[in-house]
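I sat down with this structure and my notebook to look up a few things. Here is what I wrote as I went along.

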Amino acid sequence: MLDLTPEIQLDSIWKKRYFFLKIFIYAVFVIGGLYFSYIILFPGEKFLFDFSAPDKKTTSIFYIRTPQGTFPKNGIITGKTSVSFDTFLAKDFSQVNIKLVLSDDSSPLENGEIKIKKSYKTFSYPLAEKPAVFKTGMLVKNNGNYYIVSDNKLKKISSFKIAGSLGYEDASFTEATETELNFSDKGDGIANDKIYPDDSLFNIDNNYYQLKNQELRKFLSQNAFLSYYDKNMAITKDKSFLIQYSLSQEAIGFADGTLLSFDTSAYIISQGKLRPFNNPVTFLSFGFAWKDLVSATEDEIGFYQRGKIFEIQDPHPDGTIFFVRDNGKYYITENGTKKEIKGENILKSYRKNNPIPVDDQSINTASICVIKKKLFGTRQKYNCHLDIQQLEKFPGNNYQFEMQADSEISIRQMDIVFSQKINWFSARDTLSEIKNKIFFHYDYAPN
Amino acid sequence: MTMLQINPNNQKELVIYKILNDILFLLLVVLAIVLLAEAILPGFISGYLSFTKIIISIFAVLAAIGYFGKKNYISYTSENKKQLYKNKRLILFIAFLATITFTSMFGMNWIETIAISFGMIFTVFYIYRMLFSSQD
């Protein structure tokens with residue numbers, strides 16, 4: 001055996017002791033190495049919530065709420081009432097372990113269970129009563145009738161002659177079915193060829209404008225305009241047109257949900273703010289596609305005040321379109337709801353980015369585990385271990401938990417650990433991921 | 001290594017000294033592996049393992065070796081230093097440093113990378129030579 005200090009000779013009895021001690025030290029390092037390899041090959045992710053310090057920065061379990069939407073103060077959960085909470089992950093895991101530590105004065109937990117679903121937080125929004133309608137500013141036609149969506153209302157242009165006098169061409173109008181038109185609220189008809197309705201679009205000297213409250217608001221750039229509308233929807237005018245209307249100080253930036261790239265960074269527009277992604281993994285975890293990134297100029301980026309980093313627990317911005325793979329439906333998110341898009345032409349009016357694929361099953365399929373008391377330890381500790389392999393197939397970065405017990409309990413701390421099963425497939429996936437990271441780091445694209 | 005004077009009755013401390021040398025060796029192996037992995041893929045190891053802790057452990061073990069070595073009159077002679085200087089492991093050490101330096105500068109201009117790598121290797125070589133030279 002390797003002796004690093006052969007010059008130091010020991011008595012035979014101490015030699016023996018040294019030998020065993022050395023074996024022990026080497027064994028400790030080998031076991032440590034194996035444990036470290038295990039952590040690398042089968043990585044897990046841990047999420048925490050401490051009810052005694054709910055505002056702690058290390059908190060990684062989000063949206064803890066009762067069915068009424070309130071936060072359970074001091075972790076007190078009434079018997080037979082559910083409490084929901086979320087974690088957000090960019091990776092798939094095959095098992096999850098939920099540990100609950102109850103307060104010392106809490107009653108024991110009786111007949112508890114936890115349901116787990118996987119989807120996108122935004123796709124789990126409640127369904128709005130009304131389906132999506134044509135976007136404001138859109139020009140639509142049906143059966144020889146021409147309409148403009150102005151102030152979110154469908155306004156009929158009394159004749160094509162009026163439309164022509166206003167400067168519209170037939171090709172600017174998108175075909176719509178009667179059913180699609182019926183989803184929109186109806187406004188007053190347009191019979192005057194001198195006054196443009198609100199939300200009309202203009203192209204003046206390759207700058208785009210929209211009429212809002214009878215003021216012209218300039219689009220930040222052509223790219224910004226194209227994030228909402230097609231080029232042919234704008235009426236071409238010369239500079240003298242600018243004298244007819246006052247010019248608003250406010251410019252129109254990119255549409256919410258637009259993905260921008262500048263230099264080596266990617267950004268998303270959310271609630272009118274420019275928010276950078278912290279890494280490519282977060283970007284992909286939302287189901288976004290690299291090809292949807294619009295290359296922005298320095299001026300376009302400079303227009304915005306930089307918002308905080310767009311993190312994995314942030315919801316998709318309004319205007320995100322989901323495509324449900326198992327029933328072929330489309331939804332668009334708006335103000336905390338999702339609206340079904342019933343109609344190909346309405347979909348076309350919104351579809352500037354690729355829709356994010358989702359599964360309807362994902363919000364209806366839950367894995368369930370029974371909460372059991374831990375055998376050892378004096379504290380009231382409970383555990384719930386679950387195989388979640390069946391959820392892996394669903395797209396999404398959001399694991400939604402719903403817990404219920406028969407007794408009223410007071411939770412002190414909650415830990416959720418996602419992990420991989422120890423098998424060759426998990427190890428192979430991790431190794432492949434490491435390989436890809438190395439290629440990415442050295443700018444090498446394997447075939 | 002030549003022992004100038006060793007207290008043969010203090011076998012326990014000699015065992016501790018020998019074991020500390022083994023621990024130091026193992027910690028250096030760990031540090032080398034970790035540095036190499038980190039050089040190839042930055043953030044790969046540091047997300048799991050603290051470099052500070054490893055380095056503090058190495059210094060703590062070195063201090064303990066120094067303490068027990070001094071207590072038991074264990075020291076290196078000039079001859080040993082000469083051997084260390086001529087040691088073939090020096091080449092391995094330089095190759096290791098070159099790999100780390102090279103990978104850390106990936107993406108930089110080739111000429112700059114080569115110039116900095118050579119500069120670094122020569123500096124380390126001369127520091128090593130100065131520390132372990134046969135001249136006392």
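My entries follow, one topic at a time.

**Entry 1: confidence**

I started by reminding myself that this is a predicted model. I noted its scores, ipTM 0.77 and pTM 0.75. For chain B, I found a mean pLDDT of 78, with 78% of its residues at 70 or more. Then I went through the elements of chain B: H2(B) has the highest mean pLDDT, 91, while helix H3 (residues 78–86) of chain B has the lowest, 58.

**Entry 2: domains of chain A**

I looked up how chain A is divided and got domain 1 (1–41), domain 2 (43–112 + 386–441) and domain 3 (121–370). So that I wouldn't misread it later, I wrote down that domain 2 is given as two stretches, 43–112 and 386–441. How many Å separate the centres of domain 1 and domain 3 of chain A? I got 67 Å, taken over C-alpha atoms.

**Entry 3: the helix H1 of chain B**

Next I checked the length of helix H1 of chain B, residues 11–40. Its 30 residues should span 44 Å at 1.5 Å a residue, and its end C-alpha atoms are 44 Å apart, so the two agree. I listed its buried residues too: Leu14(B), Val15(B), Tyr17(B), Lys18(B), Ile19(B), Leu20(B), Asp22(B) and Ile23(B). What covers them? I found that the cover includes helix H1 (12–41) of chain A, along with helix H2 (51–71) of chain B.

**Entry 4: where the chains touch**

That took me to the contact between the chains, with 18 residues from chain A and 19 residues from chain B. On the chain A side, H1 and helix H9 (424–441) each supply at least two residues. H1(A) gives the most to that side, with eight residues. I sorted the chain A side by class and got 11 nonpolar, two polar and five charged residues.

**Entry 5: nonpolar cores**

I jotted down a general point first: in soluble globular proteins, nonpolar side chains tend to be buried together. Here the largest nonpolar core has 61 residues. Those with the most contacts inside it are Leu139(A), Val140(A), Tyr147(A), Phe219(A), Phe322(A) and Ile341(A). I picked Val140(A) and left aside its neighbours within four places in sequence. Its contacts are then Phe134(A), Tyr147(A), Phe173(A), Thr174(A), Ala176(A) and Leu181(A). A second, separate core has 28 residues, among them Val83(A), Val101(A), Ala405(A) and Ile416(A).

**Entry 6: two asparagines with positive phi**

I looked at Asn143(A), which has a positive phi of about 55° although it isn't a glycine. It sits in the loop between strand S7 (139–142) and strand S8 (145–150) of chain A. Is Asn143(A) buried or exposed? Exposed: Asn143(A) has 9 other C-beta atoms within 10 Å, and 12 or fewer counts as exposed.

Asn206(A) also went into the notebook, with a positive phi of about 65° although it isn't a glycine. Its loop runs between strand S12 (201–204) and strand S13 (207–212) of chain A. With 7 other C-beta atoms within 10 Å, Asn206(A) is exposed.

**Entry 7: one glutamine**

Last, I looked up Gln68(A), in the loop between strand S2 (62–65) and strand S3 (76–77) of chain A. Gln68(A) is exposed, because just 6 other C-beta atoms lie within 10 Å. I also checked Gln68(A) against Thr333(A): they are 265 residues apart in sequence and 22 Å apart in space, C-alpha to C-alpha.

Terms used. Residues are numbered from 1 along each chain as its sequence is written. Chains are lettered from A and ligands numbered from 1 in the order in which they are written. This is a predicted model: local features need pLDDT of at least 70, side-chain atom pairs count only at pLDDT 80 or more; totals for chains, interfaces and linings use all residues. Helices (H or I, at least four residues) and strands (E, at least two) are DSSP runs, numbered from the N terminus. A residue is buried if 20 or more other C-beta atoms lie within 10 Å of its own, exposed if 12 or fewer, and partly exposed in between; C-beta atoms are placed from the backbone. Domain bounds come from an automatic or database domain assignment. The expected span of a helix is 1.5 Å times one less than its number of residues. Two residues are in contact if their C-beta atoms, placed from the backbone, lie within 7 Å. Ala, Val, Leu, Ile, Met, Phe, Trp, Tyr, Cys and Pro count as nonpolar, Asp, Glu, Lys and Arg as charged, and the others, Gly among them, as polar. A nonpolar core is a set of buried Ala, Val, Leu, Ile, Met, Phe, Trp, Tyr and Cys residues joined through C-beta atoms within 7 Å. pLDDT is the predictor's confidence in each residue, from 0 to 100.
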